[in-house]
Amino acid sequence: MTSDEIRASFLSFFESKGHSIIPSSSLIPQGDPTLLLTTAGMVQFKPYFLGLETPPNPKLTTCQKCFRTTDIDSVGDPTHLTFFEMLGNFSIGDYFKKEAIAWAWEYVTKHLKMPPEKLWITIFLDDDEAFHIWRNIGVPESRIVRLGEASNFWGPAGDSGPCGPCSEIHYDLGPKAKCEADKCVPGCDCGRYVEIWNLVFTQYNQDKNGKRTNLPKPNIDTGMGLERLTVIMQNKKSVYETTIFAPLLQHIGSLCGKKYGDDANTDLLIRVVAEHSRGIAFLIGDGVQPSNEGRGYVLRRLLRRAVLFGRRLGLEKAFLAEIAGVTIKQMGHVYPELKKREEVILKIIEMEEAKFSETLSIGLELLGKVMDEASGKKTKKISGAEAFKLYDTYGFPVDLTAVIAKERGFTVDIKGFEAEMEKQRERARASQKFETAEGAGVSRALDIKATNFVGYGTLTQESTILGILVKDKAVSEVELDQEAGIILESTPFYGEMGGQVGDTGEIRGSRGRFIVTDTVRLRDKIVHRGKVVEGVLPVGDKVTAAIDEERRRDIQRNHTATHLLHMALRQVIGEHVEQRGSQVAPDRFTFDFSHLTVLTPEELQKVQRLVNDVVRRDLPVTAEEMPYKEAIKGGVIALFGEKYGEKVRVLRVGQPPVSAELCGGTHVSATGEIGFLHILNEHSVGAGLRRIEGVTGRYAEAAMEKLVSDLRSVAGSVDTSTENVVDKVCGKVAECEMEHRRAEGYEKELAKIESDSLVNKVEVINGIKVLAVRVSSRHTDVLRDMSDMLREKLGSAIIVLGTVYEDKPAFVASVTPDLVAKGFDAGKIVREVAKIAGGGGGGKPNLAQGSGKDKSQIDSALRVVAKLVQDHK
C-alpha cells in the first residue's frame, strides 16, 4: 500500500464507525499564539477536550500535518523526521477503551492485514480494564506487556489537569534485530519492536498534589505516524526506502550525480536535504516566513541546513526550490495549500537560499580560520563568542557550526553561545522604552491602585491626583515650572502602548494647570508627563483631565488606517502577511509586515485603493470585550508573540466585518472619518520585513497638496503644463542620457590614448612588471577599462591606477592570472594602497577597487605598490 492508500483507508474506516473526517489544521496553531508549531493530531481539538467549545461530532478522525523541532539535529539517520503526518481518531466524551481498542485491532488486522502474531501490546502497569479488553479480542497474555508511567501514562500539561494511561500497538520485526536482553519484549531498546499506534485513555483529572480523580466523561486521543506505518506496510527498513521519499531521493541523486545507496556518507547528506525540503515546503505553505525568532527561525534553520548539506553533495547552484517542487507535486493533491501557494513557496526558498549562499563561503572560511587558530593554541573548542559572531554576522545557526566543527574533531561552547545570545536579548530589552527604570521607580515610590482608563468613550474626565513623581521620587505636590509625572485615579489620556503614541493635553485643578506633553503606561499605571505652567498641583487635588482632541482624532485616523492596511495587504499580496509592528503618531504612521519582496507600484496602488474604498463606504468601527478563545474562534486576528489575557478587546470594521483584530488602541467611530489614506513609501527594514509609511486626514491632504505643488514647479522648470510634464521630463532625461553616453565615449577614447602612453611608465621589480600611476579619467568604470587594456598590452603585470572621483581618491588594482598563481592578490594590494589615503577596499584576487578620504595622498598611496611587490614572499 502507498501512503496515499493508507491515509484514505484509515479515514474511511473511522468514517464508517460514525466519525467525522476533519481536515488537517495548519502547522501554525490557531488560537494559541504561544504554541510554536502543531506537534500532534489533538492540538486542533484542545478546545473540545477542555470543554470550551462543542465539537461538530463527538467522534472525529483526521490526518494531521505535524512538525517537531526536537528532532532537527537528528535528521539524517534512518528514523528521525521533523515533518510527518499523524493519523488519529478521537472521542470527546463518547466511546472509551472498549471501542478504541476493538477498532484499532480491527483496522490493523482486517484492513491492513497485519499478522496478529506480529503484534504486541503494551499497557499501563495497573490498567486491568485495558488488559481484559485486549484478552477478549484474542491477544494472548504472553504478548501483553505492562509498563510504567514513563512509557504508558500521559501526564497533564503542567502540574495539574486531564491525564490517563495509554496502550500501544507494537510491530515485531523479528529476531534478526540483535538483542542481549534475557527477555526481549516491547520496551527493550534493541529496535526489534516498532510502536505503530498509541491509544491514550484520558480518564483522570490530576490536582497539584498529584491526586487523581475520575473525569465525568473520559476521552480518547490516538495517534499513528503515517510514515512509520508505511515502512511496515511496504516491508522496508527505513522511511527513506518507502514511496514517500523515493521521488525526492531520486531527484536529488540526479541533481548531484550520485546514487542513493552507494555510499553511507552520501546517503546521509541526501536524506537531510530530502527531509528538510519536505518540511520547508509545508512550513511556508502554512504561512511561516523565515526570520530570526520563533517558528520563522525554525524554518530558517531548516533552509540553511539543507543548503549546507546540499553544497557537500556538490550542488553549487541553487537547488532547494526545485526539490521542494517535487514535494508540492507529490503532496499537492492531499494538501491543496501547497499548490495554491506554490509560487510563494518557491520564491521564498529561492530568496533565502540566495541570501545564505552569499555568506556561506565567507562563514565557512571564517570558521576554518577559527579552528586553525584554536589548533595553534592546542585546543579543540570553539568559544561561545566565536560561534555567536558566526550566527550574528553570517547567519550561521549554531547547530551548523557544531556539525562542521565535529567533522574536524572540535566542540562548540554551547553554554557560552547561549550566554552571548542572552546578552543580546538584554541589550534589546534595555533599549525598549517600557523596560525603563522609571517603571520600577513607580512601583517603589507609589503604593497606589491601577489607573482606570476611560478614554475610549470620553476626551475629558473629572479625576483625583493619586501620585506625583519628580525625578523618579514621590512628592506631595508640584510647583510652577517643575517637570513631573502625574498619576490620576482615572484618565482619558491614552498611555503609549501597542505602537500608538501617548496623548497630550492638560490637567487643570483649582490651584494650578499642568501641560501634558506625553503619556506613558508603566505597568498598570498611566503617567502623565509634563510641566506646571500655572500655580501648584498637590496629591489629592480634584482636577479635570482634558486631552488634545484634534491630535487624538489624527491618531485615531491613523490607527484605524493600519487595520485597513493590514486587511488590504492580506488581500493583495497574500494571507502570509502578518503585522510585525507599527508606530501610530498624529502626523503619520508606519506599518511593518512580513513579506520578502518589494511591493510593485501596481500592488501599492491596489492596496491604497482597497483602503480608500472602505473609507468612502463609511463603515462603522466597533469595539467589544470578549473571552480570548471566543474571539479567536470567530476568526479575529491575534499577533504571534503577544500575550493576551482571558478578556480581550476586539476591534471590528463593518458588519459583517472587513477587518477584525485584537486591539487596545483608540479608533474612529466610522471609516469616513479617516478622510483619505495616502501611502508615502514602502521599503525593507530587515530580512523578510517590509515597512509602509502613510498619512491620513489633513496630513494626507497636505501631502497631496505638496505633490501637486511640486508637479507644478517641475512643469514650470521645463516650460510645460502639468498635463504634459511627464512626457517633457522623459524627453529631457533621454537627451541627458544621450549626452552622457557621448561624453563617456569621448572619455574612453581619451583613456585608450592615455593607456598607450602609460606603457612607458612600467617598472620591473623582482622580474615583475608593475604600473602604479595617477590617471586623468575620473570614473572608476573607465579605470577598469583602462586596466583591462593595459593587461592586454603588458601580458603579465600588476597594475594600480588612481584618480579623483567626486573629490575623493579612487583606486583600481588588477593582477594577471599568472601572478595570482604566485600569491599576488589585487584585493589585498588595493586595501593597503587605499589605507594611505584614509580609506579601504577589496575585491577578487585578479581585480579590486578602493577609495579614500584624502585626495592629496594619491601619489603617496601609489608609491606603496612597489614596496608591496618588493616585499612579497
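The following exchange discusses a predicted model of a protein chain.

Colleague: What is the mean pLDDT of the protein chain in this predicted model?
Modeller: The model is predicted, and pLDDT expresses the predictor's confidence in each residue. Of the residues in the chain, 96% reach 70 or more. The mean pLDDT is 90.

Colleague: Over which residues does pLDDT stay under 50?
Modeller: Where pLDDT is low, the predicted coordinates should not be read in detail. The stretch in question has 19 contacts beyond four places in sequence in the model. Its pLDDT stays under 50 over residues 431-441.

Colleague: How far apart are the end C-alpha atoms of helix H10, and what span should its twelve residues have?
Modeller: Helix H10 covers residues 320-331. At 1.5 Å a residue, its twelve residues should span 16 Å. The end C-alpha atoms agree with this expectation, being apart by 17 Å.

Colleague: How many of the twelve residues of H10 are buried?
Modeller: The buried residues of H10 include Leu320, Ile323, Val326, Ile328 and Met331. Thr327 and Gln330 are also among them. H10 is largely enclosed by the rest of the structure, because the number of its residues that are buried is ten of the twelve.

Colleague: Which residue forms a salt bridge with Arg552, and is that residue buried or exposed?
Modeller: The closest N and O atoms of the pair are 2.9 Å apart. Arg552 lies in helix H17 (residues 549-572) and its partner in the loop between strand E17 (490-491) and strand E18 (505-509), so the pair ties together parts that are 49 residues apart in sequence. Both members of the pair are buried. The partner, which is buried, is Asp503.

Colleague: What is the N to O distance in the salt bridge between Glu682 and Arg690?
Modeller: Both Glu682 and Arg690 are buried. Their side chains meet in a salt bridge, with an N to O distance of 2.7 Å.

Colleague: Which residue forms a salt bridge with Asp859, and what is the relative accessibility of that partner?
Modeller: The closest N and O atoms of this salt bridge are 3.4 Å apart. The pair links distant parts of the chain, 85 residues apart, with Asp859 in helix H25 (residues 858-871) and its partner in strand E31 (residues 768-774). Asp859 is partly exposed, with a relative accessible area of 37%. The partner is Arg774, which also counts as partly exposed, at a relative accessibility of 39%.

Colleague: How many salt bridges does the structure hold?
Modeller: Side chains of opposite charge can pair when their charged atoms come close. Some salt bridges share partners, and these join Arg300, Arg304, Glu352 and Lys355 into one network. The number that the structure holds is 43.

Colleague: Where does Pro656 lie, and which residue does a cis peptide bond join to it?
Modeller: Pro656 has its place in the loop between strand E26 (647-653) and strand E27 (659-662). The cis peptide bond has an omega of about 0°. The residue joined to Pro656 is Gln655.

Colleague: What is the relative accessibility of Glu806?
Modeller: Glu806 lies in the loop between strand E32 (798-805) and strand E33 (808-815). Its phi is near 55°, a positive value in a residue other than glycine. Residues over 50% count as exposed, and Glu806 counts as exposed at 62%.

Colleague: Are the rings of Trp105 and Trp134 stacked or edge-to-face?
Modeller: Trp105 lies in helix H3 (residues 97-111) and Trp134 in helix H4 (residues 128-136), so the pair ties together parts that are 29 residues apart in sequence. Trp105 counts as buried at 11% relative accessibility, and Trp134 counts as buried at 0%. The ring centres are 6.0 Å apart and the planes stand at 80°, so the pair is edge-to-face.

Colleague: What angle lies between the ring planes of Phe124 and Phe153?
Modeller: Phe124 belongs to strand E4 (residues 119-124) and Phe153 to strand E6 (residues 153-154). Phe124 is buried, with a relative accessible area of 9%. The two rings form a tilted pair, 5.2 Å centre to centre, and the angle between the planes is 55°.

Colleague: Over which ring does the charged end of Arg146 sit?
Modeller: The charged end of Arg146 is 5.0 Å from the centre of the ring. That ring belongs to Phe131.

Key:
Residues are numbered from 1 along each chain as its sequence is written. Side-chain values use heavy atoms; hydrogens and water are left out. Helices (H or I, at least four residues) and strands (E, at least two) are DSSP runs, numbered from the N terminus. The expected span of a helix is 1.5 Å times one less than its number of residues. Buried means under 20% relative accessible area, exposed over 50%, partly exposed in between (1.4 Å probe, protein chains only). A salt bridge is a side-chain nitrogen of Lys or Arg within 4 Å of a carboxyl oxygen of Asp or Glu. pLDDT is the predictor's confidence in each residue, from 0 to 100. Contact means heavy atoms within 4.5 Å. Rings of Phe, Tyr and Trp (its six-membered ring) pair if their centres lie within 6.5 Å; planes under 30 degrees apart count as stacked, over 60 as edge-to-face and the rest as tilted. A charge sits over a ring if NZ of Lys or CZ of Arg is within 6 Å of the ring centre and within 35 degrees of the ring normal.
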